[in-house]
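Here's a quick tour of the empty spaces in a protein model, for anyone meeting this structure for the first time. Have a look at the fold, then read on for the pocket, the cavities and the cysteines.

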Amino acid sequence: MPLKRADQGLAVRPGAAHIVPGSAARDNRSMTQRTCRVLATLLLGICIHSPTTAQQSHAMTFRGDAPGIDENPLRGFVPYSSTKQTDDTFPHSMEWFYLPLSAVVTGPDTYDWTAVERQLTAIAARGHQAIFRFYLDYPKRPSGIPAYLLAAGLKTFPYANAGNAASPTPSVSPDYRDPRLFDCLVRFIHAFGARYDGDARIAYLTAGLYGFWGEWHVLDHPLAGEPSGWSIRQQDKDALLRAYVESVHRTPVLVRVPDVTEDRDLLAHFGFHDDSFLQDTFGPERWHFWAKVGEAGVASFWQAHPMGGEIYPELQSGLFDAWPNRHGQPAVLSISATHATWMLDSDLFTAVQTPAEHANALRAERMLGYTFYCREWQLTRNKDGSATITARVENRGIAPMYYAWPVEAEALDANGKIVAQSTADWPLPELLPGRTAVWSISFNALPTTANTVLVRIANPMPGGHPIAFANAEMATVLPGWLTLTLAGPE
């Protein structure tokens with residue numbers, strides 16, 4: 001049965017049939033002549049544009065562990081970029097890092113991007129893409145406040161939370177109500193967006209900057225008697241978010257929780273990251289992550305913006321010693337309900353895993369994000385030598401793919417020689433979980449000597465992993481390519 005496409009059927013070309021309202025006194029002969037001319041034009045169009053052969057649909061086979069599936073880009077578990085990586089490292093496609101704002105901002109409207117470039121270049125050289133965050137205040141680390149602000153007299157506040165006071169390198173919290181700091185942050189966001197928005201080396205950005213660890217909270221501060229500058233004004237929070245909206249259009253930006261603003265139109269531009277995943281994700285209290293999502297009325301945010309975060313650090317060790325997991329909140333429920341795409345889990349990449357732990361972690365990893373399965377395809381050849389591959393693609397994951405990456409096709413003859421090439425733009429972000437799309441890719445000329453067509457969703461970052469389909473036909477000819485075997489030379 002041929003695939004049904006929305007564009008199948010007759011299409012009247014402009015000018016082929018143009019009916020003009022007129023007098024009721026037209027005679028039957030005129031109407032007959034006009035009808036004949038219209039029919040003739042339509043039939044001519046059909047003859048010119050109809051394909052000579054539309055092959056029967058070819059069914060494909062699902063394979064959840066297809067080659068390359070565990071390195072699929074922009075999804076999965078994530079290590080720190082500082083983690084030593086070997087061939088035995090748990091499979092991944094992204095790496096995480098933090099940067100102090102002081103590493104970039106050297107003066108008013110003065111930026112040194114060397115530290116950012118160093119990280120992005122090293123991560124891309126390993127074939128991975130980056131997720132990261134800038135911070136001003138990271139407990140137990142030296143301050144990330146730009147030096148020029150400190151020299152100008154910006155107030156700072158010491159604190160004991162998270163073991164900070166006992167650290168040999170204690171951090172301090174800045175006065176978030178100082179207009180000089182606020183101006184610095186807004187200008188930095190605009191400068192960052194102008195330079196890095198849409199950079200193929202970047203997977204996702206978390207908003208960062210404000211609060212402990214850049215997580216947009218200062219725990220229980222300000223305490224009684226503490227300065228108001230411990231916390232940022234709501235109007236300034238909104239202004240920071242608007243700066244991201246104005247400057248970062250292509251790279252997804254995630255915020256810690258949905259109650260960072262009451263402006264629902266503003267919030268609609270962001271994804272979320274739960275940095276206590278499986279610990280405080282669900283619960284009856286209003287402060288639980290998913291309770292905040294529900295209260296904000298944004299439980300469907302994942303359809304347009306990614307969900308990420310970090311598995312609660314104290315849960316990471318031994319989390320996957322059994323399946324389902326016995327520690328923390330249920331991983332299957334939590335991943336499915338939040339539609340998570342990525343999660344930081346450094347233990348997977350630093351601790352030795354038993355074979356059972358590795359297998360269980362892979363089960364959880366394969367749940368994250370999108371999973372594309374090509375269910376069937378067909379080839380249509382046209383009289384002029386052109387041809388179209390039409391594919392039925394299903395998303396068996398729990399989230400969309402948030403970028404519309406290019407699709408490439410190469411036709412090979414029996415000797416493996418490339419005899420035709422093509423590209424297409426498939427609206428990947430529109431394919432939600434559990435849904436199927438019918439997409440096509442066309443060749444201007446497809447020789448009859450072609451007996452194989454290879455298709456892939458290409459990673460725009462040089463050296464980056466292409467998207468692997470969950471198909472048994474994946475990588476049977478070339479790694480990273482889905483194999484479509486034609487009927488053979490005609």
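A cavity here is a set of grid points where a 1.4 Å probe fits but cannot get out, and its lining residues are those with an atom within 4 Å of a point. Keep in mind that this is a predicted model. With that in hand, the structure turns out to hold 4 cavities of 30 Å³ or more, and there's a pocket to explore as well, the largest one having about 860 Å³ of space.

**The largest pocket**

- Start with the space itself: the largest pocket takes in about 860 Å³, and 29 residues line it.
- If you want to find its centre, look for W213, E215, H217, R256 and S276, the lining residues that lie nearest to it.
- Four elements, α5 (234-247), β13 (271-277), α7 (289-296) and α8 (313-316), give two or more residues to this lining.
- Strand β13 supplies the largest share, with 3 residues.
- As for chemistry, the lining is a mix of 13 nonpolar, 5 polar and 11 charged residues.

**The largest cavity**

- This one holds about 60 Å³ of space.
- Its lining is made up of C374, W377, I389, A391, W426, I441, V455, F469, L482 and L484.
- Strands β16 (372-382), β17 (387-395) and β22 (482-485) each chip in with at least two of those residues.
- You won't find a polar or charged residue in this lining, as its 10 residues count as nonpolar.

**The second largest cavity**

- Here the space comes to about 40 Å³.
- Around it sit W96, Y98, R133, D275, G309, E310, W342 and L344.
- The elements giving two or more residues to this lining are β4 (94-100), β14 (307-311) and β15 (342-344).
- By class, the second largest cavity is lined by 4 nonpolar residues, 1 polar residue and 3 charged ones.

**Cysteines**

- A disulfide is a covalent bond between the sulfur atoms of two cysteines.
- Counting pairs of cysteine sulfur atoms within 2.5 Å, the model comes out with 0 disulfides.
- C184 has a relative accessible area of 4%, so it's buried, given that the cut-off for buried is under 20%.
- C374, which you've already met in the lining of the largest cavity, is buried too, with a relative accessible area of 3%.

Conventions. Residues are numbered from 1 along each chain as its sequence is written. This is a predicted model: local features need pLDDT of at least 70, side-chain atom pairs count only at pLDDT 80 or more; totals for chains, interfaces and linings use all residues. Side-chain values use heavy atoms; hydrogens and water are left out. On a 1 Å grid over the protein atoms alone, a cavity is a set of points where a 1.4 Å probe fits but cannot get out, and a pocket is an open set with protein on both sides within 12 Å along at least five of seven lines; lining residues have an atom within 4 Å of a point. Grid points are joined across faces, edges and corners, and a volume is the space filled by probe spheres set on the points. Ala, Val, Leu, Ile, Met, Phe, Trp, Tyr, Cys and Pro count as nonpolar, Asp, Glu, Lys and Arg as charged, and the others, Gly among them, as polar. Buried means under 20% relative accessible area, exposed over 50%, partly exposed in between (1.4 Å probe, protein chains only).
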